[in-house]
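Visitor: I am new to this structure and would like to learn how to read its features one at a time. Could you show me the structure and then take my questions in turn?

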Amino acid sequence: MKKCLWLCCVILLCVAGPACAAGPIKIGALFAVTGPAAFLGEPEKNTLELLVKEVNAKGGIKGSKIELVSYDTGGDVTKAVQLANKLIKNDRVVAIIGPSTTGETMAVIPIAEKEQVPLISCAAGIKITEPVKRWVFKTPANDHVAAEKILIQAQKRKQKNIALLTVSDSFGASGREQLKQMAGKRGFKIVADEVYSPKDNDMTPQLYKIKAAKPDAIICWGTNPGPALITRNAQQLGLKIPVYQSHGVASKKFIELAGAEASEGTTLPAGKLAVHHLLKKTDPQAKLLREYADAYKKAYGVEASTFGGYAYDGFQLVAGALKKGATTPAQIRDGIEKNGKMVGISGVFTITQADHNGLDLSAFEMVRIQKGDWALLP
Amino acid sequence: MDLLNQITQFVISGLATGAIYALIGLSFAIIFNSTGIINFAQGEFVMLGGVMTIFALNVLKLPLLAAVVAAVLGTTAVGLAFERLAIRPLKNATPLSLIIITIGASILIRGVVMLLWGKDTQVLPPFSGNTPLEIAGATLLPQHLWIFGVTILVIVASRLFFHHTISGKAMRACSFNRKAANLVGISVGRMVLLSFVISSALGSLAGVIIAPLTMTAYDVGVMLGLKGFCAAIMGGMGSGLGTVLGGIILGTLESLGAGLISSGYKDAIAFLILLLILFLRPQGLFKKGETERV
């Protein structure tokens, strides 16, 4: 009987909790902190923890502290779904930031929609926000923005025949599709279309085939280590064809892996964080990027990554709505949609009812690798 | 660019990967022959070789040769510990449960390496420069020559060891008939331990020489291990020339398939070959069928 009473109290407390204005605001986080996508999840989780600490040190938002409930999905779709349910039903969070990958996000979307909790995904897949789903937002720019940037640059350089070399995972498949679609529209001719698998350790056959097709440029789409390996293989074969890489390798790690000599001249779209020290003072993001990069480095001793920026923007979107007085999931959702222009890490967001990502071409800068460092292209 | 040049290039890059598969295949076969189990942690030994060399080079600041030796010794120590702690205590376990133990060990080793050295891909500088060499219209790196050289050396050495030394002959005796070997005074336990030592040393050596070409990370062992396993199957799990040829055929076909047919099917080609061989010649490509006498 006593136990029963105690249970009743707990239940009452749980129900009454959110009603109290002074109680902490619970925000959920689902990141792949371990497993194959850990390179995404780890900086994302670190960034959120850093932000929450910062906000709470300043007294929280509108007098309420923020409480972060963060779970590790391990990059596993099934786990992501279970944990999303747990966040909503047990922890009663007002919004969820994450998951880290497109696959997990697609699996979690139906839950967020059904339970009516805003989900701010940190994955890049275009399917997440297209078509627009009422409760789902995402902070990374769409792949096609990066693809378009590359093609615009190739057009400037008067390159007509292009070769594609893409990785055979979802990132590469999406890039390949976007590139093919847009290349057709912009009058490019695709003379070679090769793929490699994420764990391949020799891409010379593909490159040799590409060499035989005599393209003006190669566009490679993948995440490390594949593209670094390709860059080294290209050097081995003495390929003189200009190479474009995707934003997937826009970190110093790529130059380190591929070697400064082999990667010389490689052109790629980079999130502004990677090149923040090169940006003009007038760039609206310059100050924010510098602050974030410094704070992250100070807290964790490693360089901030673009991926952490996704979580940063996700948190700012939620915080923006909270600052305007939103308290329930529905109010937060409306708040994000009506937030107007917001300067973030991944770009300048203008989220509207019709666009739940809100980033445009300015999210990326085209950079060229010169002597082992980035150089901005005009 | 004529087709012949293209094919030379594919064959050369295929031979290099094939040589690595052959080394890994050999290390599979050595353990199989002395214990009757397939050690699925073999790929992890390969990974350890590369990762430990980088660690010794960058953190301990050893010169390259010392780093390689340290990595091979380190991996051998892991192999030794693995046999002592996980295989030997289970005296009467069935091969199946031992195989499952090796899978567990592979997950454990991968996890520990991930925690110790991080998840990032790391790069090992090439042993002698990065200037491509041109041979018969194809280009290769000095590192390829290292791979060929080391592989040939290892094959010759293992041949000599297994056919001309007492320990080697004793190990072969164990693989033919453990009971009989025991009866003539060969310590089977010691031979099993020795097989783990040799096999982990071989695996790590393969990992070291390929790391400058392909880079390395905590999880590269999985795929390399599987391909090496294919090579061993093609060679009928013998520790001789069959496995070496198996590895080289596999590497070359993969590279030719990727170059001439479609790069998307590269791994599929490897596993298709494995399936075909398992269906048509389960005893291996170069072995005569064995009849079991009851």
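Visitor: Over residues 24–358 of chain A, what percentages of the chain are helix and strand, and how far apart are the end C-alpha atoms?

Guide: Please keep in mind throughout that this is a predicted model. Over residues 24–358 of chain A, 45% of the chain is helix and 18% is strand, while the C-alpha atoms at the two ends lie 29 Å apart. This stretch carries a label in UniProt, where an unreviewed entry places the feature "domain: Leucine-binding protein" at residues 24–358 of chain A.

Visitor: How many helices and strands does the secondary structure of chain A come to?

Guide: Chain A comes to 13 helices and 14 strands. Its radius of gyration is 22 Å, close to the 21 Å that the globule rule gives for 378 residues, so chain A is as compact as a globular protein of that length. Along the principal axes, the C-alpha atoms of chain A fill a box of roughly 80 × 45 × 40 Å, and buried residues make up 53% of the 378 residues.

Visitor: Into which domains is chain A divided?

Guide: Domain 1 takes in 23–142 + 288–362, and domain 2 takes in 144–277 + 364–376. Taken over C-alpha atoms, the centres of domain 1 of chain A and domain 2 of chain A are separated by 29 Å. To their contact, domain 1 of chain A brings 18 residues and domain 2 of chain A brings 16 residues.

Visitor: Which helices of chain A each supply at least two residues of the side of domain 1 that touches domain 2?

Guide: They are helix H4 (102–115), helix H11 (286–300) and helix H12 (306–323) of chain A, and H11(A) gives the most, with three residues. By kind, the residues on this side of domain 1 of chain A divide into eight nonpolar, eight polar and two charged.

Visitor: Where should I look for cis peptide bonds and positive phi values?

Guide: A general idea helps here: most residues other than glycine have a negative phi, and most peptide bonds are trans. In chain A, a cis peptide bond joins Gly98(A) and Pro99(A), with omega about -10°, and Pro99(A) sits in the loop between strand E3 (95–97) and H4 of chain A. Another cis peptide bond joins Asn224(A) and Pro225(A), with omega about 5°; Pro225(A) has its place in the loop between strand E8 (217–221) and helix H8 (226–237) of chain A.

Visitor: Is Arg92(A), a residue with a positive phi, buried or partly exposed?

Guide: Arg92(A), which is not a glycine, has a positive phi of about 50° and is found in the loop between helix H3 (77–89) and E3 of chain A. Since 20 or more other C-beta atoms within 10 Å would make a residue buried and 12 or fewer would make it exposed, Arg92(A), with 16, is partly exposed. Lys214(A) also has a positive phi, near 50°, in the loop between helix H7 (204–213) and E8 of chain A, and with 12 other C-beta atoms within 10 Å, Lys214(A) is exposed.

Visitor: How many residues of chain B are in contact with chain A?

Guide: On the chain B side there are 23 residues, in contact with 28 residues of chain A. Helix H1 (3–35), helix H10 (241–261) and helix H11 (266–280) of chain B are the elements that give two or more residues to this side, and H1(B) gives the most, with five residues. The residues on this side of chain B divide into eight nonpolar, 11 polar and four charged.

Conventions:
Residues are numbered from 1 along each chain as its sequence is written. Chains are lettered from A and ligands numbered from 1 in the order in which they are written. This is a predicted model: local features need pLDDT of at least 70, side-chain atom pairs count only at pLDDT 80 or more; totals for chains, interfaces and linings use all residues. Domain bounds come from an automatic or database domain assignment. Two residues are in contact if their C-beta atoms, placed from the backbone, lie within 7 Å. Helices (H or I, at least four residues) and strands (E, at least two) are DSSP runs, numbered from the N terminus. Ala, Val, Leu, Ile, Met, Phe, Trp, Tyr, Cys and Pro count as nonpolar, Asp, Glu, Lys and Arg as charged, and the others, Gly among them, as polar. UniProt positions are given in the numbering used here, feature names are shortened, and annotations may be inferred rather than shown by experiment. The radius of gyration is taken over C-alpha atoms; the globule rule is 2.2 Å times the number of residues to the power 0.38.
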